[in-house]
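Here's a short set of exercises to work through with the model open beside you. Try each task before you read its solution.

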Amino acid sequence: MRRFSLTMAIALACIPAWSADWLTDGGNPQRTAWQKDEKILSTTNAKDIKLLWKIKLDNEPRQMHNLFPPLIIERVNTKGGPKQIAIETGVSDNIYAIDVETGKLIWKKHFLSTWTPPPAGGRNGGILCPGGITATPVVAPASTPGKYTVHVASWDGMLHQLNASDGEDLAPPAKFMPPNGKPYGLNLVNNVIYTHTAQGCGGNPNIVYAYDLATHKVGTWGPAGGGMWGRSGPAISSKGVMYTGTGDGRFSPENGIFGNGIIGVKQNPETKALDLVDYYGPTNAEWLWKRDLDMQVTPVIFNYKGKELMVDAGKECRLYLMDTESIGGDDHRTPLYRSPLLCNEDVNFASAGIWGSLASWEDAKGTRWVLTPIWGAKHSAFKAPVEYGEVKYGAVVAFKVEEKNGKWQLTPTWISRDMNRAEPPVIANGVIFAYGNGEDTDQAYPDVGLADTADRRIPGSTRAVLYALDAQTGKELWSSGDQITAWNHWTGLSVANGRVYIATFDGNLYCFGIKK
Amino acid sequence: MNTAHLRRKIDSAHVGQVGNLRRIGNPPPVDSRIIYGPIANRPQVTNLPHKMLIRLLLSCIVLGCTAGAQTPDSSQKIQALEHQLAAQRHLLNDWGGLTRFGSENTELRPPAPGESRVVFLGDQITGQWGHGGAKFFPDKPYLNRGIAGQTTAQMLVRFRQDVIALQPKVAVILAGTNDIAGAFGLATEEMIADNIMTMTELAKAHGIRVVLASLTPVCDCFGKPSARRRWQEKIVEVNELLKDYAARSGSVYLDYYSALVEGEDLRKEFTADGILLNDAGYDAIAPLAERAIAEALRKVSL
C-alpha cells in the first residue's frame, strides 16, 4: 500500500501543473476572453516570448477565410498517451488535432458533405458568404477524465460529435441547420449548443439555433431584420439567456423586427423552442441602420458588485454597459451606460468601428476591466489618461467598470499603441495579448466604387503582428515583429499553459510562448 | 518636386473652414489655414468630386515625396500632411456633412402636438450661435443645424436629413457666405439663390414655412487684406435676390444685414474677425429672428 501511494504521488507530480483549457471561442460561455488559469506567462517574462513552432495545414482557403481560433485541451488521452492538443478548424470542412508540445499533427478529419455545394459558395459567393465551416467548434469534457467531445457544425448544416483523441465520430451526424448557412462560434451551456447566422448565406434566414444534445431537438428564433454576426458567437448568462447583437436592419419591436439592437433568447425547457426574453435598441438605431453600422459584436458577460453585467458594441464604435436583469431598461432603449464614440469619426461601415468581440477581467484588487479592439483612427474627442501615440489604424482600449453615486460607467484607462486593425484581445495572468490582423478591409475604391472582393483585398493585406501588453497600463511588453509572415481574417487568439496561438490566411498556425 | 504652387495661404475667407477641419477630428495642421488649390484663379466651378480627387492625389504625391526624403524634422511635416489628407478624404466621403447631425437627428422624438419646432440651417455663423456667451434661444424648441464652412450646395444635400426629417414648422436659412468666399470654387449670386430657392421649395412641399435670412455684412476692420470689398457687393446682390424671392414665394425675409451694418461694413463691435459674429452680434439679431419666426408661424395658422 505504501509503495502504491508513493507511485501515485510520483505519477501525480509528473502531471504538468498547467491545467488550463480553452474549449470555446472566447474561452468560456460568457466570452470574457480571460484565461484565468494561466500560470506561466506573466508581465515579467513576456519579453522572452519566442516562436515555439508553426505548422502549415493543408486547408484550402475560401474567400478570405482559412483557419479559426484553435481550441486547447490540456490533457487528452490519446493512443500515444496523455497529450495537450490544439483542435484547429479549417474553413474547407477540416478539423485538425495538433500536439502542442511538438507542433505535430495527430489527426485530421475532413467532413464528407451530404450536400453538393454550388460553385460560387454562398449568397453569390463573395467574402460575406465563403461557404464551408464558419463557426469555431466547441469542446466538452466527457464524464471520463481525459476524454473530450468536439462539436462541429459542418458546411452541410450537420452537427458532428468527434472524439478529441482520434477524430472519430462519437455519434452519427445530426441535422442542425440548413446547408450553406453562416453560423458563428458555437457555445455550449447545459447540454445545449447555441449559434446564430448572418448574411443570408445560401438563401437561409438569419436566425438563432439551439441544438439540445439530450433530445436532438433544434429550437430557432429570428430577429426578422439583420443577421447576427458576432464573430465569437453568442454569449450566455447565468440564467441561460443567449445574447447577441443584431446586424443591419430596422429596429421596430412593435412590428417584431429587431435589427441594429441586442436580443436575448432562452430555450423553453418544455418545448426546446427559443423565446425572446429581452431586447435593447440604441436610441439612434435608425442612424445605425441608414449607415450600415451593425451591432455585430459578440457581447461579454461578467459579475461585478452583485450584478451580472454585459457589454456590447458595434461598428458605430460605442460601448453599451447593461444589466442582464433588463438590458435596455423599461423602455428597452436605456442601458446602464452608453459610451461616447471611441473611433469611426468618418462613419465608415467597412474599415472602422468595433469588430469581433470584447474581453473582461478582474484584477487582484477587485477592479473590473473591459477591453475592446477598435479599427481605424481614434475619435479626436476620445481620451484616456494613458495613451501610446497616435492611433491611425486601430488599438485596444481598456476601461474600468465603475459605479459612482449610483450610476454605472466605463471609465477609459488606457489606449494601446497603434495596431493595424486591432482584433479581440485575450487576458492571461496580467498580460493582454492582442494583434493587428494586417487585413485590407477596404470595400470601396475611388476608381471603381464598391468592390468588396477577395481578389482586391488579398493583395492589399500585409501581415499580422501579435503584441503582449501590460494589462494594468497597456504598455507594450513584446511584439512578434515580422515573425508572422501573413495576415488573417475573421479568426482570433487562444491562450493556455504558456502558449499563445494565432493562425494566418496562408494556412499556418503559429505557437508563441516561453521556451523551456 | 516644387509643391509651393499647390499651396496658397488664405485668410479666414472660408467661414469655419478651420473649425471644420478641427471638428472632423484632426488636430490642427501646422498651419491650419493652408488649403490646397488656388482659389482666386479658378476660371469656373467645375466637377467638384473630380477636383477633390485631384487634390487627394496631389496630396498623396506630396506625402510620397516627403516620406521618401525624410529629414530629422520631417516627421512633423508628414504628420501634418497626413492630417490634411485625412481631412480632404473626409470631405470627399462626406461632402454634404451628413455625419455631423445624422445620429443626433434620429435620437429626436417627433415634435409634440402644438410644439413649434424651428430649425436653423446654415454655416458657422449659425453653428457657433450659443457656443459663446450668447444663448441660442433657451427654452425654445429651436434646433441649430449650422455646419462650419458649408456652402448652399452642401446644405441642399443635407436638407432632407437636417430639416425635413425633423418636422419643423419653420426653417430659418442663413446661407451663402462661403459660396461668395469661393470655398469650393467661384459661385455667382444667381447660383446661390438657385440653391436657396430649391431648399425653399422642398420645405414648402413638406408644409414647412421658410424664413430667408439675409447674408450678414463683413468688414476688413481687423487689418486683414481688402479682399472682402468684393464680397460686400455680392452680399448686397444676394440679399436683393433673397428679398425678392421671399416676397414671391410667401417666405419671410429676415434682414440681419441692416441691423449689423455701418456704411458697407460689419460693425466692429459685432465681430471678432470681420466675418463671424460675437456675442453682441448674436444679441443684436436674436430678436429679429424671433419676430421673423413669429411672422412665419402666423402664416402657418392662416
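Helices here are DSSP runs of H or I with at least four residues, numbered from the N terminus. Keep in mind that this is a predicted model.

**Exercise 1. Place Thr152(B) in its helix, then decide: is Thr152(B) buried or exposed?**

Step 1. Start with the element: Thr152(B) sits in helix α6 of chain B, which covers residues 152-157.

Step 2. Now apply the cut-off: a residue is buried if 20 or more other C-beta atoms lie within 10 Å of its own. Thr152(B) has 27 C-beta neighbours inside 10 Å, so it counts as buried.

Step 3. Look at who is around. Skipping the neighbours within four places in sequence, Thr152(B) touches Ala175(B), Gly176(B), Asp179(B), Ile192(B), Asn195(B) and Ile196(B).

Step 4. For a distance check, take Ile173(B): from Thr152(B) the C-alpha to C-alpha distance is 9.6 Å, with their positions 21 residues apart in sequence.

Step 5. Zoom out to the chain. Of the 302 residues in chain B, 42% are buried, and the secondary structure of this chain comes to 12 helices and 9 strands. Among chain B contacts with a separation of 6 or more, 76% are between residues 24 or more positions apart.

**Exercise 2. Work out how α9(B) and α10(B) are oriented, and which residues meet.**

Step 1. Get the geometry. Helix α9 (residues 189-205) and helix α10 (residues 228-249) of chain B have axes that come within 10 Å and cross at roughly 30°.

Step 2. Classify the angle. Angles under 35 degrees count as roughly parallel, and α9(B) and α10(B) are therefore roughly parallel to each other.

Step 3. Add the handedness: the crossing of α9(B) past α10(B) is right-handed.

Step 4. List the partners. α9(B) brings Glu189(B), Ile192(B), Ala193(B), Ile196(B), Met197(B) and Thr200(B). On the α10(B) side they meet Lys234(B), Glu237(B), Val238(B), Leu241(B), Leu242(B), Tyr245(B) and Ser249(B).

Step 5. Sort that contact by class, and you get 8 nonpolar, 2 polar and 3 charged residues.

Step 6. Link back to Exercise 1: Ile192(B) and Ile196(B), both in this helix contact, are also among the residues touching Thr152(B).

**Exercise 3. Describe the side of chain B that touches chain A, and find the element with the largest share of it.**

Step 1. Count: 11 residues of chain B contact 10 residues of chain A.

Step 2. Assign them to elements. On the chain B side, α3 (74-93) and α4 (98-107) are the elements that give two or more residues. The largest share, 5 residues, belongs to α4(B).

Step 3. By class, this side of chain B splits into 2 nonpolar, 8 polar and 1 charged.

Step 4. Follow α4(B) inward. Its buried residues are Leu98(B), Arg100(B), Phe101(B), Gly102(B), Ser103(B) and Asn105(B). They pack against α2 (285-290) of chain A, and also against β4 (142-146) and α7 (159-162) of chain B.

**Exercise 4. Explain why β31(A) is largely enclosed, and trace its strand partners.**

Step 1. Strand β31 of chain A spans residues 431-436, and 6 of the 6 are buried, so the rest of the structure largely encloses it.

Step 2. Check each face. Val431(A), Phe433(A) and Tyr435(A) are buried on one side, and Ile432(A), Ala434(A) and Gly436(A) on the other.

Step 3. Take one partner: β30 (residues 426-428) of chain A pairs with β31(A) in the antiparallel sense over 3 bridges, with Ala428(A) opposite Val431(A). These two strands form a hairpin with 2 residues between them, and Asn429(A) in the turn has a positive phi of about 50°.

Step 4. Take another: β34 (residues 465-470) of chain A is joined to β31(A) by 6 bridges, again antiparallel. Here Ile432(A) faces Leu469(A).

**Exercise 5. Find the edge strands of the sheet β25-β26-β28-β29-β27 in chain A.**

Step 1. Read the order: these 5 strands make an open sheet with mixed pairing.

Step 2. β25 (359-362) and β27 (386-387) of chain A each have a single partner strand, so they stand at the edges with one side lacking a neighbour in the sheet.

Step 3. Inside the order, β26 (368-375) and β28 (394-404) of chain A run antiparallel, joined by 7 bridges. Trp369(A) stands opposite Lys400(A) in β28(A).

Key. Residues numbered from 1 in each chain as written. Chains lettered and ligands numbered in written order. Predicted model: local features only at pLDDT ≥ 70, side-chain atom pairs only at ≥ 80, totals over all residues. Contact = placed C-beta atoms within 7 Å. Nonpolar A, V, L, I, M, F, W, Y, C, P; charged D, E, K, R; others polar. Buried ≥ 20, exposed ≤ 12 C-beta atoms within 10 Å, placed from the backbone. Pairing = 2+ DSSP bridges. Axes fitted to C-alpha atoms, helices over the stretch in contact; angles between N-to-C directions. Parallel < 35°, antiparallel > 145°, perpendicular 65-115°, else oblique. Left-handed = near helix turned anticlockwise from the far one by under 90°.
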